[in-house]
Amino acid sequence: MNAEGKIDLIVCASMSCASAKDAGQVSVFDGISKTLLYTRNGEQAREHFGAAVAAANGHLFVGSPQFDAAVSEKDVIKDAGRVSIFNNSEGSSTALLTVDGTAKGDNFGAAVTAANDDWAV
């Protein structure tokens, strides 16, 4: 995860209230020293950031299946879901890419898997 070529540990708390009620949190620890490398938090209440995670090829994929996707300022798709893709060798909380579900109740991001350059939701 931190580009050292060593195994790291990803810990998910998808109902963490660190940033908002049940927004979720993902923490990455050095697998050898057990030192906290970085933590990322969900943005919305009840989005459950970290309900699913995968790591591959320098990227961290985090699912938020109850994320409410904004269509406009007043129009929201309830529980559309989201997958956020991060550079996993740094602690930046800015996602490289986010992909949202397109319909109410899609729960996009409830499951995520990745290997090499491929990923599936």
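Is Leu-96 buried or exposed? I looked this up before anything else, in what is a predicted model. Leu-96 is exposed, its relative accessible area being 56%.

**Entry 1: the surroundings of Leu-96.** I located Leu-96 in the loop that runs between β8 (82-87) and β9 (97-100). I then noted that Leu-96 belongs to a nonpolar surface patch of about 370 Å². The other residues that make the patch are Leu-97, Trp-119 and Val-121.

**Entry 2: the chain as a whole.** I found 11 strands and 0 helices in the protein chain. From the N terminus on, the order of elements therefore reads β-β-β-β-β-β-β-β-β-β-β. I compared the radius of gyration with the value for a compact globule of 121 residues, which would be near 14 Å; the protein chain has 14 Å, in agreement. The C-alpha trace spans about 45 × 30 × 20 Å along its principal axes. I recorded an accessible surface of about 6,500 Å² for the protein chain, with 51% of it belonging to carbon and sulfur atoms. Of the 121 residues, 37% are buried. Among contacts with a separation of 6 or more, 46% join residues 24 or more positions apart.

**Entry 3: salt bridges.** I counted 5 salt bridges in the structure. One of them joins Arg-82 to Glu-43, with the closest N and O atoms 3.9 Å apart. Arg-82 is in strand β8, while Glu-43 is in the loop between β3 (36-41) and β4 (52-56), so that distant parts of the chain, 39 residues apart, are linked. I checked both partners for exposure: Arg-82 is buried at 14% relative accessible area, whereas Glu-43 is exposed at 61%.

A further salt bridge joins the side chains of Arg-46 and Asp-79, at 3.3 Å from N to O. Arg-46 is in the loop between β3 and β4 and Asp-79 in the loop between β7 (76-77) and β8, so this pair ties together parts 33 residues apart in sequence. Arg-46 is partly exposed at 32% relative accessibility, and Asp-79 is buried at 16%.

I also noted the pair of Lys-78 and Asp-68, whose closest N and O atoms are 3.5 Å apart. Lys-78 lies in the loop between β7 and β8 and Asp-68 in the loop between β5 (59-64) and β6 (69-70), so parts 10 residues apart in sequence are tied together. Lys-78 is partly exposed at 37%, while Asp-68 is buried at 16%. Lastly, I recorded that Glu-43, Arg-82 and Asp-100 form one network through salt bridges that share partners.

Key. Residues are numbered from 1 along each chain as its sequence is written. This is a predicted model: local features need pLDDT of at least 70, side-chain atom pairs count only at pLDDT 80 or more; totals for chains, interfaces and linings use all residues. Side-chain values use heavy atoms; hydrogens and water are left out. Patches are made of residues with over 30% relative accessible area and no salt bridge: like charges are joined within 9 Å, nonpolar side chains (Val, Leu, Ile, Met, Phe, Trp, Tyr) within 5 Å. Accessible areas come from the Shrake-Rupley method with a 1.4 Å probe; for residues, only the protein chains shown count as cover. A salt bridge is a side-chain nitrogen of Lys or Arg within 4 Å of a carboxyl oxygen of Asp or Glu. Helices (H or I, at least four residues) and strands (E, at least two) are DSSP runs, numbered from the N terminus. Buried means under 20% relative accessible area, exposed over 50%, partly exposed in between (1.4 Å probe, protein chains only). The radius of gyration is taken over C-alpha atoms; the globule rule is 2.2 Å times the number of residues to the power 0.38. Contact means heavy atoms within 4.5 Å.
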